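Visitor: I am new to this structure and should be grateful for a close look at a single part of it. Please choose one place to begin and explain how it is connected with its surroundings.

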Amino acid sequence: MGGNVELGGASDREALAYIGLGANLGDSAAVLAFAIEAIGSLPLTRITRRSSVWKSAPVDAEGPDYLNAVVAASTGLGAAELLAELQRIENRAGRKRPYRNAPRTLDLDLLLFGDATSNDPQLTLPHPRMTGRAFVLSPLAEIAPELVTPKQLAAVAGQRIERLVAP
């Protein structure tokens with residue numbers, strides 16, 4: 001593990017976390033709204049920015065199109081604690097994991113956690129596949145353009161994605 005990630009409990013300072021949201025089963029729009037509210041209700045956590053809702057084709061997967069978004073959250077939770085809370089929110093939304101990249105009611109990915117890096121088996125930061133996915137980069141660029149380069153956006157330009165609903 002590298003960097004200065006707080007993997008355990010609450011840290012003594014807040015970190016800005018970026019969280020990717022996706023859903024392609026059931027009422028995806030309602031599930032995203034539920035997830036954003038649930039993230040904002042976590043202890044020591046508040047949503048500071050949220051992207052539009054985007055519609056994207058599955059990447060390396062089958063199934064219906066996804067609805068996606070990215071939120072920025074200021075949190076006093078540690079990275080591992082935040083990840084555990086995100087997984088609890090997924091479970092509350094009915095998330096099942098029958099196989100890798102299966103369609104899902106809700107997928108929450110911890111993309112970035114401050115400037116932390118981690119290669120822990122339970123948590124890799126930054127998220128290892130975020131730069132290859134338009135459904136992450138487009139909404140992330142909307143709320144934090146300084147974090148996404150034109151070269152990164154160009155690399156995913158062939159992936160089908162469209163903005164649907166502004167925040």
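**From one acidic residue to the core**

Guide: Asp65 counts as partly exposed, at 25% relative accessibility; the term covers values between buried, under 20% relative accessible area, and exposed, over 50% (1.4 Å probe, protein chains only). The model is predicted, so local features need pLDDT of at least 70 and side-chain atom pairs pLDDT 80 or more, while totals for chains, interfaces and linings use all residues. Residues are numbered from 1 along each chain as its sequence is written, and side-chain values use heavy atoms, without hydrogens or water.

Asp65 has Arg160 as a partner in a salt bridge, with 2.8 Å between the closest N and O atoms; such a bridge requires a side-chain nitrogen of Lys or Arg within 4 Å of a carboxyl oxygen of Asp or Glu. Arg160 is partly exposed as well, with a relative accessible area of 47%. This pair links distant parts of the chain, 95 residues apart: Asp65 is in the loop between strand E3 (53-56) and E4, and Arg160 in the loop between helix H4 (150-155) and strand E8 (161-165). Helices (H or I, at least four residues) and strands (E, at least two) are DSSP runs, numbered from the N terminus.

The structure holds eight salt bridges, and another instructive group centres on Arg95. Its side chain meets that of Glu90 at 3.2 Å, N to O, and that of Asp107 at 3.0 Å. Arg95 lies in the loop between H2 and E5 and Asp107 in strand E5, so this pair ties together parts that are twelve residues apart in sequence. Arg95 is buried, with a relative accessible area of 11%, and Asp107 counts as buried at 15%. Glu90, Arg95, Arg104 and Asp107 are joined into one network by salt bridges that share partners.

Glu90 leads to helix H2, where the buried residues are Ala79, Leu82, Leu83, Glu85, Leu86, Ile89 and Glu90. They cover an arc of only 160° around the axis, which puts them on the same side of H2; the arc is taken from the directions from the helix axis to the C-beta atoms. The elements that these buried residues pack against are E1, H1, E4, E5 and E7. After H2 comes Gly94, with a positive phi near 90°.

One residue of this helix, Leu82, touches Ala17, Ile19, Leu42, Thr75, Leu77, Leu110 and Phe113, leaving aside residues up to four places away in sequence; contact here means heavy atoms within 4.5 Å. Leu82 is also among the residues with the most contacts inside the largest nonpolar core, which has 31 residues. Such a core is a set of buried Ala, Val, Leu, Ile, Met, Phe, Trp, Tyr and Cys residues joined through side-chain atoms within 4.5 Å. Two or more residues each come from strand E1 (15-23), helix H1 (28-40), strand E4 (66-75), helix H2 (79-92), strand E5 (107-113) and strand E7 (123-125). H1 gives the most, with six residues. Apart from this core lies another, of 16 residues, including Ala72, Phe135, Val148 and Val156.

Two details of the backbone remain. Leu44, in the loop between H1 and strand E2 (45-50), has a positive phi of about 60° although it is not a glycine, and its relative accessible area of 53% makes it exposed. A cis peptide bond, with omega about -10°, joins Leu125 and Pro126; Pro126 is in the loop between E7 and helix H3 (134-143).
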